[in-house]
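User: I am new to this structure and would like a close look at a single part of it. Please take one strand and follow it outward to whatever surrounds it.

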Amino acid sequence: MFTLVDANINNIELIKDIKLENIFSCSSEFGEEDIDRIKEYVDMTAKEFLSDSKIIIINDAIAGIFIVRNFEDGLLIDEIYLYDEYRNKGIGTELINSVKHENIYLWVYKNNTKAISLYKKIGFEIIDETETRYKMKKSN
């Protein structure tokens, strides 16, 4: 259904654009200071975690990005983003289920109720929270 291709330095701007679009589409409650901090964070992490980044390809088109990296005692699904036309087709669930480790973590914005519902459905539990996000864990 999809192919994961290792991202490379030529994909940095794509990764940053997708990450920012994903973050800002989840919440409109960011102040100017927050926006600057988020942009700085995305700029830094796009380069830092490039080797953990995959481009999702479907029918020879870029469908999104998938970033999984080492975290605590397991793996963190750091980013899973699909463009609108690829959502609600089971691709996200398939991507998440492709991650094999005893402990899998992710962070999700609290107002992203659709994603939270999906994550709970496939076995994730909320284990911590900040003012705006939940930290979730799935143990296999």
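In which sense do strand β4 and β5 pair, and over how many bridges?

Analyst: This is a predicted model, in which local features need pLDDT of at least 70 and side-chain atom pairs count only at pLDDT 80 or more, while totals for chains, interfaces and linings use all residues. Residues are numbered from 1 along each chain as its sequence is written, and side-chain values use heavy atoms, with hydrogens and water left out.

Strand β4 (residues 74–82) and β5 pair in the parallel sense, over 3 bridges; two strands are said to pair if DSSP finds at least two bridges between them, and the elements themselves are DSSP runs numbered from the N terminus, helices being H or I with at least four residues and strands E with at least two. Within this pairing, I77 has L106 of β5 as its bridge partner. Between the two strands the chain passes from β4 through helix α3 (residues 91–97) to β5, in a β-α-β crossover that is right-handed, a word used when, with the strands pointing away from the viewer, the path from the first strand over the helix to the second runs clockwise.

Strand β5 itself covers residues 103–109, and 6 of its 7 residues are buried, that is, under 20% relative accessible area with a 1.4 Å probe and protein chains only. Strand β7 (residues 133–139) is joined to β5 by 7 bridges, and these two run antiparallel. Here L106 stands opposite M136 of β7, and M136 is also the bridge partner of I126, in keeping with the antiparallel pairing of β6 and β7 over 4 bridges.

Seen as a whole, the sheet is open and mixed in its pairing, with 7 strands in the order β1-β2-β3-β4-β5-β7-β6. Because β1 (3–6) and β6 (125–129) stand at the edges with a single partner strand each, one side of each is left without a neighbour in the sheet. Neighbouring strands are turned by 30° against each other on average, direction ignored; such angles run from 0 to 180 degrees between N-to-C directions, along axes that are lines fitted to C-alpha atoms, for helices over the stretch in contact.

Helix α4 (residues 113–121) lies across β4, β5, β6 and β7, and runs at about 160° to β5, where contact means heavy atoms within 4.5 Å.

Terms used:
Buried < 20%, exposed > 50% of the residue type's maximum accessible area, 1.4 Å probe, protein only.
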